[in-house]
Amino acid sequence: METTGLARDDRIISAAVYRLDGRGEVEDHWYTLVNPERDPGPVWIHGLTSEALEGAPLFEDIAEEFATRLEGRVLVAHNAVFDWQMIAREYARVRREAPVRQRLCTIALSKALELPLPNHKLESLAAHFGVVQRRAHHALDDARVLAEAFRPSLRAAAEGGVRLPLHECRPLTEWVERPAAMIGQQAGGYGGYRPGSWRPSRKRPACPYPNPGRYEEGKRLKQGMRVAFSGDTSVERELLEDRAIEAGLHVATSLSRRTSLLVTNDPDAGTSKVVKARQYGTPVVDEAAFGQLLRDVEPASEA
């Protein structure tokens with residue numbers, strides 16, 4: 001699947017599905033372009049221009065066919081939570097419920113299998129299993145590569161007694177579209193798109209709880225802890241921040257010695273927050289682990 005970007009308001013511009021049987025063998029495959037009714041985003045990545053997408057069907061036109069491919073299946077994807085949320089939002093826009101009840105992330109599976117990968121990119125997983133990529137960032141070829149890499153992963157999990165990391169997909173039952181003017185604020189950059197340039201800053205209320213200190217591995221988060229984020233996230237950053245604040249955490253825009261936890265999907269990146277986290281010994285978790293921690297946040301101590 002290719003999209004106009006990574007944020008909540010971004011759209012699907014191409015989708016591909018390889019259906020596999022219980023052994024990971026290919027049953028059939030399907031591919032379509034989708035007109036996003038907006039700027040196509042980072043053309044230099046996916047190669048799909050406005051001209052190429054102009055005559056493509058709208059999502060509502062392919063929703064039924066897409067649903068027949070997904071219904072009763074487990075959604076397997078590389079960074080599956082991102083794919084699931086994009087699909088769920090597209091169906092919500094056409095006032096339908098996405099027909100997916102479970103997802104499996106091949107990043108999580110590769111971690112469970114303890115594969116010796118240099119990073120969690122699809123190309124690294126493909127190389128590990130000797131799968132040749134022909135057109136990176138093309139939805140159909142990415143789906144083929146993932147299917148071919150998933151087959152030996154499935155076999156390795158069965159042989160090693162590794163439990164498949166299946167997660168429930170909760171239906172998106174409410175959708176509120178942002179004002180169209182927000183999209184129009186994407187100015188500058190190639191084709192009018194510049195990642196991160198248009199997301200408005202929001203003044204958030206101060207956290208009412210004192211900072212209890214650093215997060216300790218194996219323990220619960222506690223209300224008042226200062227949490228910072230670094231790098232790309234599969235869930236839109238604003239949504240992650242909202243969830244953290246709703247749980248009683250303090251979302252910090254920078255990292256200091258008082259920061260309780262850094263959330264990043266790329267702990268080896270050279271961003272200023274990651275570098276400071278190393279210097280200060282700040283605990284680091286990825287987005288998936290943070291999501292699990294948010295489910296059970298310890299209440300602040302009473303004064």
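## Aromatic pairs

Two rings of Phe, Tyr or Trp (for Trp, its six-membered ring) make a pair if their centres lie within 6.5 Å, and a pair is called edge-to-face if the planes are over 60 degrees apart. By this rule, the predicted model holds five aromatic pairs. Take F59 and Y91: their ring centres are 5.0 Å apart, and the planes meet at 90 degrees, an edge-to-face arrangement. F59 belongs to helix α3 (residues 59-70) and Y91 to helix α4 (residues 80-93), so this pair ties together parts that are 32 residues apart in sequence.

Are these two residues buried or exposed? A residue counts as buried when its relative accessible area is under 20%. F59 has 3% relative accessibility, so F59 is buried. Y91, at 0%, is buried as well. You can also find both residues in an aromatic cluster, formed by W30, F59, F66 and Y91.

## Helix α3 and its buried face

Let's stay with α3 for a moment. Its buried residues are F59, I62, A63, F66, A67, R69 and L70. Looking down the axis of α3, you would see these buried residues fall within an arc of 155 degrees, so they line one face of the helix. The general pattern helps here: an α-helix has 3.6 residues a turn, so residues three or four places apart point the same way.

What do the buried residues of α3 pack against? Their partners are β2 (12-20), β3 (26-33), β4 (74-77) and α4. Just after the helix comes G72, with a positive phi of about 75 degrees.

## Two more helices to visit

Helix α7 (residues 139-160) has 22 residues, and at 1.5 Å a residue it should span 32 Å; its end C-alpha atoms are 31 Å apart, which agrees. G161 follows α7 and has a positive phi, near 65 degrees.

In helix α5 (residues 106-112) you will meet S110. Its relative accessibility is 3%, so S110 counts as buried. Leaving aside residues up to four places away in sequence, S110 touches L115, L117, H120 and L125.

## The whole protein

Now step back to see the full picture. The protein contains 11 helices and 10 strands. Of its 303 residues, 47% are buried. Among contacts between residues at least 6 apart in sequence, 64% join residues at least 24 apart.

What is the accessible surface of the protein? It comes to about 16,100 Å², and carbon and sulfur atoms account for 48% of that surface.

How values were computed. Residues are numbered from 1 along each chain as its sequence is written. This is a predicted model: local features need pLDDT of at least 70, side-chain atom pairs count only at pLDDT 80 or more; totals for chains, interfaces and linings use all residues. Side-chain values use heavy atoms; hydrogens and water are left out. Rings of Phe, Tyr and Trp (its six-membered ring) pair if their centres lie within 6.5 Å; planes under 30 degrees apart count as stacked, over 60 as edge-to-face and the rest as tilted. Helices (H or I, at least four residues) and strands (E, at least two) are DSSP runs, numbered from the N terminus. Buried means under 20% relative accessible area, exposed over 50%, partly exposed in between (1.4 Å probe, protein chains only). Contact means heavy atoms within 4.5 Å. Accessible areas come from the Shrake-Rupley method with a 1.4 Å probe; for residues, only the protein chains shown count as cover. The expected span of a helix is 1.5 Å times one less than its number of residues. The arc is that of the directions from the helix axis to the C-beta atoms.
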